[in-house]
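Colleague: I'd like to learn how to read a fold, starting with the strands. Could you walk me through one?

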Amino acid sequence: MRNLISTVEKMINIDLESERLIYKRLSCEHVTDTYVSWINDPEINKYLETRGNYNLDLLKAYIDEQYKKEIYFWAIHLKGSKKHIGNIKIDPINLKTNSGEYGILMGDKINWGKGYAKEASLTIIKYCFEELKLSKITLGVIEDNINAVLLYKKMGFNIDEVKPNVGTYNNKKSNALRMSLHV
């Protein structure tokens, strides 16, 4: 446990890479019109708590706030072009349960369906288990977000809880799933 605490206390958010992707700490360099367009796109944000009305100033304030927290929050870039296509994070980390909360946003619709979400997820989860020494990764997902739920199940996540009527997503009352993956 001491190894986990010392690692987490330092919060060294290092750059990582996988076969086709590079993961860079999310920072002010990622404040772009493209990122704002993702957050404001109804197709991208239909299952997110954040649902548009963003501008560059709001995005900058959000990223600055996250950066100051020194959380594990990466921008996902394509290796070849260095294009920013999404974000992935583990936050918060709970030292009592030795777990971290996972979240991902794949904003670049041109690159949907190419396996980048799975590649990014597996890379970050491996980092969490092997380097941060977490024993569990948790997540919340809207039940109607079928592609995400299928991806999480393929990666080994199990449904721990169904939370009924958590809000309106994609223009209908929706349930949320709490899922977890154990080392």
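Colleague: Which residue in S4 is the bridge partner of Ala-75?

Modeller: Ala-75 has Asn-87 as its bridge partner in S4. Keep in mind that this is a predicted model. The pair belongs to a longer ladder: S3 and S4 run antiparallel and share 6 bridges.

Colleague: And what is the bridge partner of Asn-87 in S5?

Modeller: There, Asn-87 is bridged to Leu-105. S4 and S5 also pair in the antiparallel sense, over 7 bridges.

Colleague: How many residues lie between the strands of each hairpin?

Modeller: Between S3 and S4 there are 5 residues, and Lys-82 in that turn has a positive phi of about 70°. The hairpin of S4 and S5 has 4 residues between its strands, with Asn-98 at a positive phi near 55°.

Colleague: Let's zoom out. How many helices and strands does the chain have?

Modeller: The count is 6 helices and 8 strands. Along the sequence they follow the order α-β-β-α-α-α-β-β-β-α-β-α-β-β.

Colleague: Now the inside. Which residues have the most contacts within the largest nonpolar core?

Modeller: Those are Ile-90, Ile-137, Tyr-152 and Phe-157, in a core of 35 residues. Among the elements giving it two or more residues are S3 (72–78), S4 (84–94) and S5 (99–106), the strands we just followed, and helix H6 (146–154). The largest share, 8 residues, is supplied by H5. There is also a second, separate core of 12 residues, which includes Phe-73 and Leu-105.

Colleague: What does Ile-90 touch, leaving out residues up to four places away in sequence?

Modeller: Its partners include Tyr-72, Tyr-102, Ile-124, Cys-128 and Ile-137.

Colleague: You mention a cysteine. How many disulfides are there?

Modeller: A disulfide needs two cysteine sulfur atoms within 2.5 Å, and by this rule the count is 0. The surroundings of two cysteines are easy to contrast: Cys-28 is exposed, at 52% relative accessible area, while Cys-128 is buried, at 0%.

Colleague: How does the radius of gyration of the chain agree with that of a compact globule?

Modeller: For 183 residues, a compact globule would have a radius of gyration near 16 Å, and the chain has 16 Å, so the two agree. Of the residues, 46% count as buried. Among contacts with a separation of 6 or more, 63% join residues 24 or more positions apart.

Colleague: And what about the surface?

Modeller: The chain exposes about 9900 Å², with 50% of that supplied by carbon and sulfur atoms.

Note on methods. Residues are numbered from 1 along each chain as its sequence is written. This is a predicted model: local features need pLDDT of at least 70, side-chain atom pairs count only at pLDDT 80 or more; totals for chains, interfaces and linings use all residues. Side-chain values use heavy atoms; hydrogens and water are left out. Buried means under 20% relative accessible area, exposed over 50%, partly exposed in between (1.4 Å probe, protein chains only). A nonpolar core is a set of buried Ala, Val, Leu, Ile, Met, Phe, Trp, Tyr and Cys residues joined through side-chain atoms within 4.5 Å. Contact means heavy atoms within 4.5 Å. Two strands pair if DSSP finds at least two bridges between them. The radius of gyration is taken over C-alpha atoms; the globule rule is 2.2 Å times the number of residues to the power 0.38. Accessible areas come from the Shrake-Rupley method with a 1.4 Å probe; for residues, only the protein chains shown count as cover.
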